[in-house]
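Work through these exercises with the model open beside you. Try each task before reading its solution.

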Amino acid sequence: MRMRAAVLEEFGQPLVVTEVDLAEPKAGEVLVRLVACGVCHTDVYTASGADPSGYAPAVLGHEGAGIVEAVGEGVSSVAPGDHVVTLFSPQCRECVHCRSPRTNLCLAIREEQNKGHLPDGTVRLSRDGEPIRHFMGTSTFAECTVLPEIALAKVSPDAPMEGACLFACGLSTGLGAAMYTARVDPGTTCVVFGAGMVGLGIVAGCRLQGAERIICLDLSEERLELARGQGATDTWSGGPDAVQRVLDETGGFGADYTFEATGLVAVMRQAVEAARMGWGLCTVAGVAGKGETLDVVPRLLITGRRICGSSFGGVKGRDQVPQLVDRWLAGEIDVAPFLSHRITLDQVNHGFELLEVQDGIRSVIEFGT
């Protein structure tokens, strides 16, 4: 089938919205018609050429929601008409990682996905007979996409697609970092560094976990206001004195849980240093730049602090994304404030520009039905 998609032709250049060919789904694959797709920092990061694992040409996009149109042989968990959220972090439910409660990093298709292929090592995207690679196994900057069954979460048809798509990446990453990676305990003190999409999700996750005090730091007063709406009890302007202020506010000990959601290694270090002596846990959710390292004083660890990373918030996508969406529909999560701009596929590069100047939280591409 012919469809329109936003293609990364060359690193550092605007995406090109053009017609491409999409092949029918093979065994274990699903054809989805996209209804909405968020524009995420990861898309910008790859398009810039800064991502060492990036490739071109490719159809970018990974924060999508849509409706199943067709399924390949052997697909049983979704059917035509189902509403789904795409999963760049799949869940096969069979590999050693999927069977463990300790990680969400499914191993089933990881190697081929990292090459821009579907699980069988080939692609379904092409133009004039030349292959175009898939991005993060999803390629949702397109009217339709073909992806593995294990990379789809079936969600309630009552969930508006423009909000549901945010659970495909940013919002689930934040919620999950607090709920599934750190497993925040009730009555504790949490500090969140960064109030973008992921940081705001972390704030909401800490609230849902019953944290008593949730401190959020950012340089933007507008974003701090959004953090208050998600449950932050304290909002501070970030800066070099952040760690000392956390220590002063916690009797000199530090916070029970700290979270980093900026991708800046200097802020990651602050998050480590602000964690409580004895049992403080620092969860790093931001993605640092190529070649950057985190400098940590070993004594901070010897005296009881711990550091962990969180990919997609530790969320097992097929099982837990539908649960998070249900909590949104039940009124426990407020998604509306995250929807800053509604754009068309032709405006995808404008969505990149809005991200780079931090105008709002999420631009969402609406494809229509």
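**Exercise 1. A surface patch**

Which residues form a nonpolar patch on the surface, and about how much accessible area do they have together?

*Solution.* Keep in mind that this model is predicted.
- Step 1. Pick out the members: Leu294, Leu301 and Ile307.
- Step 2. Take their area together, about 210 Å².
- Step 3. Place one member. Leucine 294 sits in the loop between strand S15 (281-284) and helix H9 (298-302).
- Step 4. Classify leucine 294. Its relative accessibility is 32%, so it counts as partly exposed.

**Exercise 2. The nonpolar cores**

Find the largest nonpolar core and the residues with the most contacts inside it.

*Solution.*
- Step 1. This core has 82 residues. Phe141, Phe259 and Val321 have the most contacts within it.
- Step 2. Ask which helix gives the most. Helix H5 (residues 197-208) does, with seven residues.
- Step 3. Look for another core. One of 16 residues lies apart from the largest, and its members include Ile215, Leu217, Trp236 and Ala242.
- Step 4. List the partners of phenylalanine 259, leaving aside neighbours within four places in sequence. Among them are Ala177, Ala178, Ala182 and Val184. Cys190, Val191, Val192 and Phe193 are also in contact with phenylalanine 259. So are Ile202, Cys206 and Thr283.

**Exercise 3. Cysteines**

How many disulfides does the structure hold? Why is cysteine 144 not bonded to the closest cysteine sulfur?

*Solution.*
- Step 1. Recall the chemistry: a disulfide covalently joins the sulfur atoms of two cysteines.
- Step 2. Set the cut-off. The two sulfurs must be within 2.5 Å.
- Step 3. Count. The structure has zero disulfides.
- Step 4. Check cysteine 144. The closest cysteine sulfur belongs to cysteine 37 and is 13 Å away, so it is too far for a bond.
- Step 5. Check cysteine 308. Its nearest cysteine sulfur, in cysteine 282, is 7.4 Å away, and cysteine 308 is in no disulfide.
- Step 6. Add the surroundings of cysteine 144. With a relative accessible area of 1%, it is buried.

**Exercise 4. A salt-bridge network**

Which residues are linked with Arg124 in a network of salt bridges?

*Solution.*
- Step 1. Start with the total: 21 salt bridges.
- Step 2. Take the first pair. Arginine 124 and glutamate 29 meet through their side chains at 2.8 Å, N to O.
- Step 3. Place this pair. Arginine 124 is in the loop between helix H2 (110-114) and strand S7 (125-127), and glutamate 29 is in strand S3 (residues 29-38). The two are 95 residues apart, so the bridge links distant parts of the chain.- Step 4. Judge burial. Arginine 124 and glutamate 29 are both buried. For arginine 124, the relative accessible area is 3%.
- Step 5. Take another pair. Aspartate 120 meets arginine 124 in a salt bridge at 3.0 Å, N to O. Aspartate 120 is partly exposed, at 42% relative accessibility.
- Step 6. Assemble the network. Lys26, Glu29 and Asp120 are linked in it with Arg124.

**Exercise 5. A bridge within a helix**

Where do glutamate 273 and arginine 269 lie, and how many residues apart are they?

*Solution.*
- Step 1. Both lie in helix H8 (residues 265-273).
- Step 2. They are four residues apart, about one turn of the helix.
- Step 3. Check the bridge. The closest N and O atoms of glutamate 273 and arginine 269 are 2.8 Å apart.
- Step 4. Check exposure. Glutamate 273 is partly exposed at 23%, and arginine 269 is partly exposed at 30%.

**Exercise 6. Valine 364**

Is valine 364 buried or exposed?

*Solution.*
- Step 1. Place valine 364 in strand S18 (residues 362-366).
- Step 2. Apply the cut-off: buried means under 20% relative accessible area. Valine 364 has 1% relative accessibility, so it counts as buried.
- Step 3. Leave aside neighbours within four places in sequence and inspect contacts. Among the residues touching valine 364 are Ala36, Cys37, Gly38, Leu339 and His341.

**Exercise 7. Backbone exceptions**

Which residues are joined by a cis peptide bond?

*Solution.*
- Step 1. Know the background: most peptide bonds are trans, and most residues other than glycine have a negative phi.
- Step 2. The cis bond joins alanine 56 and proline 57, with omega about 0°. Proline 57 is in the loop between helix H1 (41-48) and strand S4 (58-59).
- Step 3. Turn to phi. Arginine 183 has a positive value near 50°. Phenylalanine 312 has a positive phi of about 50°.
- Step 4. Set their accessibility side by side. Arginine 183 is partly exposed at 47%, whereas phenylalanine 312 is buried at 2%.

Terms used:
Residues numbered from 1 in each chain as written. Predicted model: local features only at pLDDT ≥ 70, side-chain atom pairs only at ≥ 80, totals over all residues. Heavy atoms only, no water. Core = buried A, V, L, I, M, F, W, Y, C linked by side-chain atoms within 4.5 Å. Buried < 20%, exposed > 50% of the residue type's maximum accessible area, 1.4 Å probe, protein only. Contact = heavy atoms within 4.5 Å. Patch = residues over 30% accessible without salt bridge, like charges linked within 9 Å, V, L, I, M, F, W, Y side chains within 5 Å. Areas by Shrake-Rupley, 256 points an atom, 1.4 Å probe, with all protein chains shown as cover. Salt bridge = Lys/Arg side-chain N within 4 Å of Asp/Glu carboxyl O.
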